[in-house]
Amino acid sequence: MSKIKKENTLTRRDFVGKTLAASAAFTIVPSYAVSGLGHVAPSDKLNIAGIGVGGMGLANLKNLESQNIVGLCDVDWKYAKGAFDRYPNAKKYWDWRKMFDEMGDEIDGVVIATADHAHAVIAANAITMGKHVYLQKPLTHSVYESRLLTKLADKYKVATQMGNQGASGAGVAETCEILWSGAIGDVTKVESFTDRPIWPQGLNTPEKGDWVPDTLNWDLFTGPAKMRPFNEVYHPWNWRGWWDYGTGALGDMACHILHPVFEGLKLGYPSKVQASSSLLLNDSAPVSQAVKLTFPSRGGRQGRMKLGEVDVSWYDGGIKPMLPDNWPAGKEPNKSGGGTFFYGTKDILHVGCYGVEPELLSGKKISVPKTERRVEDEMGLAWNKGAHEMDWVRACKESAENRKPCTSDFAEAGPFNEMVVMGVLAVRLQALNKTLEWDGENMKFTNIGPNEEIKTVIRDGFKIHDGHPTFNKDWTDPMNAMAYAEELVKHTYREGWSLPDMPA
């Protein structure tokens, strides 16, 4: 596909206006008519490359098969075989950096579905190359990385979408409309939960490594994280439960369940956060955890709802919030993997994951105006059958000046993801035994003293001697708490891996 000079491009609106009379005989729109594409294809299809294509990445690519799948990259070629077989004409790579070097001029957009810790470094570099980005949730592994992607996307004016596909379903829109109608009054408290994790967590760090399979490049999987010996407990499925690579159940499900909370209440940066969990280990996420984030008043109203101070609590690993007094006995509050209770001054709203099946606990019928986009209807696809991906394709093909944002573009997904990984920070800093105060604008905690120390358990040391259980916990050395927190906020990347600078 050859380059097109910028002065020869037309906006979609210009093209339609100038060619309407000939539309009956001209059924395929050439890409020079769609500002934002750098290449020409007879059918006006995006050239898309997938990075991390063994699991969710393949599912995303299947929903994008109306476009051209031109490149595939994965660190595990056994796990990626399904994608390689399905798209035999796509060029195949181990290293996304080599793919960008060799195919950069042939790619319009990338779909990234690697382990969490590699999201930011791949997406940031793609954005600086002017590539549109569809990035799986959670958006990033750290607060700093989320802020960086938010600013880079704005600077380079690319189309972006986080892979919390429920954002393109009706549930989030309906939940927002109910809240803004004033049906439950002003919200003062929110409680959300998930039934995840469905993978093992709270595991002791392996003491021995396993042989690295020939089909896996462990160095490339490790990427910007610290190098540790390969073990089958890390890859290919269970990386999400290890802090170096994943963000536990929060990263997996909060990007779905808390999305209507973040959007509906117009949340920004939290001011306070605290957490507790089952045994916290240094390397593995706990079996279960609870987090409370306090958001200050945003001032004013959204519709008929006042945007006052609100506490948002999260529970996972089998823990659920206490049910409201008027909850029907025996009724399951879990819908599609989790649920949320919005406590208002007039009523309580209960929704499931993705905001599905909203209901008022008073039993009142919900009847509010439809004001928000229904992407499913626009795309003619279900939210979990390609509407989310195809909304991104639509945005890629629109000029930056006239682009309608995706339902989870980085302008929203970046600040939202900061909320999600802030929960992870609170869990990992819980040994400080206090409510942490957060300066969101400057990305730092303000009440961790320079001389405070923190330590965590490396192994629980559980053994049974003569039928009696014993615990001989192995702890880290005491660490400076301020430095430890700063490292969690902004990771130090392994040598050879780096991020672009933060835009002003």
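This is a short dialogue about reading sheets, domains, a cavity and cysteines in a predicted model.

Reader: Let's start with sheets. How do strands of a sheet pair?

Author: Strands of a sheet pair through backbone hydrogen bonds, either parallel or antiparallel. Here, nine strands make up an open sheet with mixed pairing, and their order is 15-14-13-7-12-9-8-16-17.

Reader: Which strands stand at the edges of that sheet, and why is one side of each left without a neighbour?

Author: Those are strand 15 (359-360) and strand 17 (444-445). Each has a single partner strand, so one side of each has no neighbour in the sheet.

Reader: And inside that order, in which sense do strand 9 and strand 12 pair?

Author: Antiparallel: strand 9 (residues 289-295) and strand 12 (residues 310-316) are joined over seven bridges. If you want a spot to click on, take Val291, whose bridge partner in strand 12 is Trp314.

Reader: Where can I look at a parallel pair?

Author: Try strand 1 (residues 47-51) and strand 2, which pair in the parallel sense over five bridges. Ile48 has Ile69 of strand 2 as its bridge partner.

Reader: Is strand 2 mostly covered or mostly open?

Author: Mostly covered. Strand 2 spans residues 68-73, and five of its six residues are buried.

Reader: What about a hairpin, say strand 20 and strand 21?

Author: Strand 20 (residues 462-465) and strand 21 (residues 468-471) run antiparallel, with four bridges joining them. One contact to check is Ile464, which has Pro469 in strand 21 as its bridge partner. Two residues lie between the strands of this hairpin, and Asp466 takes a positive phi near 50°.

Reader: Now the domain annotations. Which stretch does UniProt give for the N-terminal domain, and what is the chain like there?

Author: An unreviewed UniProt entry puts "Gfo/Idh/MocA-like oxidoreductase N-terminal" at residues 47-163. In the model, the chain over residues 47-163 is 38% helix and 21% strand, with the end C-alpha atoms 19 Å apart.

Reader: And where does the record put the C-terminal domain?

Author: The unreviewed UniProt entry places "Gfo/Idh/MocA-like oxidoreductase bacterial type C-terminal" at residues 208-262. Over residues 208-262 the model has 35% helix and 0% strand, and the end C-alpha atoms are 42 Å apart.

Reader: Next, empty space. How many cavities of 30 Å³ or more does the structure hold?

Author: Rolling a probe the size of a water molecule over the atoms shows where empty space is left. In this model there is one cavity of 30 Å³ or more, and the volume of the largest cavity is about 90 Å³.

Reader: Which residues line the largest cavity?

Author: Among them are His141, Trp243, Leu425, Arg428 and His491. By class, the lining divides into six nonpolar, five polar and one charged. The largest share, four residues, comes from helix 13 (residues 410-428).

Reader: Last topic: how many disulfides are there?

Author: For a disulfide, two cysteine sulfur atoms have to be within 2.5 Å. By that rule the count is zero. Cys176 is in no disulfide, and the nearest cysteine sulfur, in Cys353, is 15 Å away.

Reader: And why is there no bond for Cys255?

Author: Because the closest cysteine sulfur, in Cys353, is 11 Å from the sulfur of Cys255, which is too far for a bond.

Reader: Are Cys176 and Cys255 buried or exposed?

Author: Buried: Cys176 has a relative accessible area of 0%, and Cys255 is buried with a relative accessible area of 0% too.

Conventions. Residues numbered from 1 in each chain as written. Predicted model: local features only at pLDDT ≥ 70, side-chain atom pairs only at ≥ 80, totals over all residues. Heavy atoms only, no water. UniProt positions renumbered as here; feature names shortened; annotations may be inferred. 1 Å grid on protein atoms, 1.4 Å probe; cavity = no way out; pocket = protein on both sides within 12 Å on 5 of 7 lines; lining within 4 Å. Points joined across faces, edges and corners; volume = space filled by probe spheres on them. Nonpolar A, V, L, I, M, F, W, Y, C, P; charged D, E, K, R; others polar. Pairing = 2+ DSSP bridges. Buried < 20%, exposed > 50% of the residue type's maximum accessible area, 1.4 Å probe, protein only.
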